Structure formats: structure tokens, C-alpha cells
Amino acid sequence: MKRFFTLTLLLIISICATAQKTQVVAHRGYWDTPNNAQNSITALKTAQAIPVYGSEFDVNMTSDGVMVVSHGPKLEEIPDVQKATYKEVQKVRLKNGEKVPTLKQYLKQGKKGNIRLIFELKVHPTGEIENEAVRKSAEMVKKLNLSSNEVEFISFSLEACKQLAELMPGYMVQYLNGKIPPKELKEMGIMGLDYHFSNFVQHPEWVKQAHDLGMIVNVWTVNKEEMMQQMIDLGVDYITTDKPELCLKLIQQK
Ligand code: MG
């Protein structure tokens, strides 16, 4: 009996220790594999097949109001995806021959896996257009019944972050443009920082400050082993990377 309790205690301790470990987010899906492409359904499926925390993807709205998964502004032969119609976007083929996924198609595939969908809403040219993109993003997530355990939002637009935090209570929203200290972000209702690694090299104290405030720290886009190690040692919650398997290996070694 005593042995059973000791083993149970050890198990609980190891689960707690694992929970605190840095986790990995595949940047634009796990696209760096054969016959794959960034922000493609295949890249999402590949990410869903490895033990990452989540998979990041970029969302833009076309000129006729269709939400599509693409980094932009350039999309193969189209100079600016936000100025193109959906019909024009549909003609594009990604590097692996796939079509550009709509947000709906992408989220439907996301629902089939058990990793988080890290939804980056891109900055749009005017406040009015961006408001529409925010509203459509929130509507689609709700329509497909994707919970706050399935979707997290990130954006370089502070206004979009504020609106998403308001429209989607309970969902994690992380601001991408790394100049705002954690406390100021929290005061705006934004509970996560997702900053370029250079911001945490300059302000390592922001990681602890954010954690003390109950906030989440994500870092982009870390592809070099040395910087991955530095960020793991700093105790960030997630590392967003184009090399998810390398990052997973480093975390396991720790
Ligand atoms: Mg992105």
C-alpha cells in the first residue's frame, strides 16, 4: 500500500514537472517535410502527427470578405492577398500543389486533431476592414464549436487583440509586436505575450513578470538550437518554430 502511494506521488510530481515544461508550436504548420507547404492543410496534418502543443497559421480576408489561410501579402503570383478576390485566390496552387485553404476548411481539419490551433489574424488595411475580419474570425470559431482549449488567437494588431479578447472571453489572446511590458498588456485585457526572441533577450525579466501576473509567454520564431536552449532556460511557455522536432528533442533532454 505504501509503495502504491509513493508511486502515485511520484507520478503526480512528474505530471506537474511536465506541465511546467516549455512546449512547442509549429510555425505555419509543420511544413518543412517532403511534399509540404506553409499554411497548407498537409502542414497542419503533419503537425497533428507529432507531440507539439499547437500549430500556428496565418489568416487574411480577401477583398470580397472570404477568410483564407495564407501569410500574405504576396501569395505566389498574387501581389497582395487582401486585395485579391476569393476567385483569384482559388486559382493559386501552393508549392505542394494544394489549394489555399479557407479558414473554414482549415479549422475543420484542426478539429480532427488534438493540438491547439494558434490563429494569427493578420493586420488589415483599415479599421473598418479589420473589424470585419475580427468579427468573421470569431463567428467561424463559434460556428465550428471550437473551444478555448482548441483555439488561441495571436495578432500584431493591438486593436484586433483587444477586440478578440472582448468577443471571445476565456480564449487566450497573445499580442505579437514585442514592445509592450506584460503589466500594460494585462491592463488592456490581453493575457499573453508572443514576442520575437530578441525582446526576451533584451527583457528576460518579462517572462517572470508575465508568469506572476498569470500570463502566458510565447516566443517566435526560434529556429537555432542555441536560442531554443536559451528560451527553454528562461522558462517561456511556448516556442514557435519552423523546426518543431529539433525543439521537442531539446526539451526532452532537459
Ligand atoms: Mg504567423
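Let me begin with a definition: a residue counts as buried under 20% relative accessible area, as exposed over 50%, and as partly exposed in between, with a 1.4 Å probe and protein chains only. What we have here is a predicted model, in which local features need pLDDT of at least 70, side-chain atom pairs count only at pLDDT 80 or more, and totals for chains, interfaces and linings use all residues. Residues are numbered from 1 along each chain as its sequence is written, and side-chain values use heavy atoms, with hydrogens and water left out.

With that definition in hand, R28 is buried because its relative accessible area is 17%. R28 sits in the loop between strand 1 (23-26) and helix 2 (41-48), where helices (H or I, at least four residues) and strands (E, at least two) are DSSP runs numbered from the N terminus. Its backbone deserves a remark, since R28 has a positive phi of about 60° although it is not a glycine. Most residues other than glycine have a negative phi, and most peptide bonds are trans.

The loop between strand 3 and helix 3 holds E76, which also has a positive phi, of about 45°, without being a glycine. E76 counts as partly exposed, because its relative accessibility is 28%. P73 is placed in the loop between strand 3 (67-69) and helix 3 (86-91), and the peptide bond from G72 to P73 is cis, with omega near -10°.

Let me turn to the metal. Which residues are the protein donors of the magnesium ion? They are E56 (OE), D58 (OD) and E120 (OE), lying 2.0 to 2.1 Å from the ion, where donors are N, O and S atoms within 2.8 Å of the metal (3.2 Å for Na, K and Ca), and where sites may look incomplete because water is not among the atoms. Along the chain these donors follow the spacing E-x1-D-x61-E. E56 in strand 2 (residues 54-61) and E120 in strand 4 (residues 116-121) link distant parts of the chain, being 64 residues apart. E56 counts as buried because its relative accessibility is 3%, and E120 is likewise buried, because its relative accessible area is 5%.

Finally, the surface. K45, K104, K108, K112 and K143 gather there in a patch of positive charge; patches are made of residues with over 30% relative accessible area and no salt bridge, like charges being joined within 9 Å and nonpolar side chains (Val, Leu, Ile, Met, Phe, Trp, Tyr) within 5 Å. A salt bridge, in turn, is a side-chain nitrogen of Lys or Arg within 4 Å of a carboxyl oxygen of Asp or Glu. Helix 4 (residues 103-112) gives the largest share of the positive patch, three residues.

Methods: Accessible areas come from the Shrake-Rupley method with a 1.4 Å probe; for residues, only the protein chains shown count as cover. Lys and Arg count as positive and Asp and Glu as negative; His and the chain ends are not counted. The place of a charge is taken as NZ of Lys, CZ of Arg, CG of Asp or CD of Glu.
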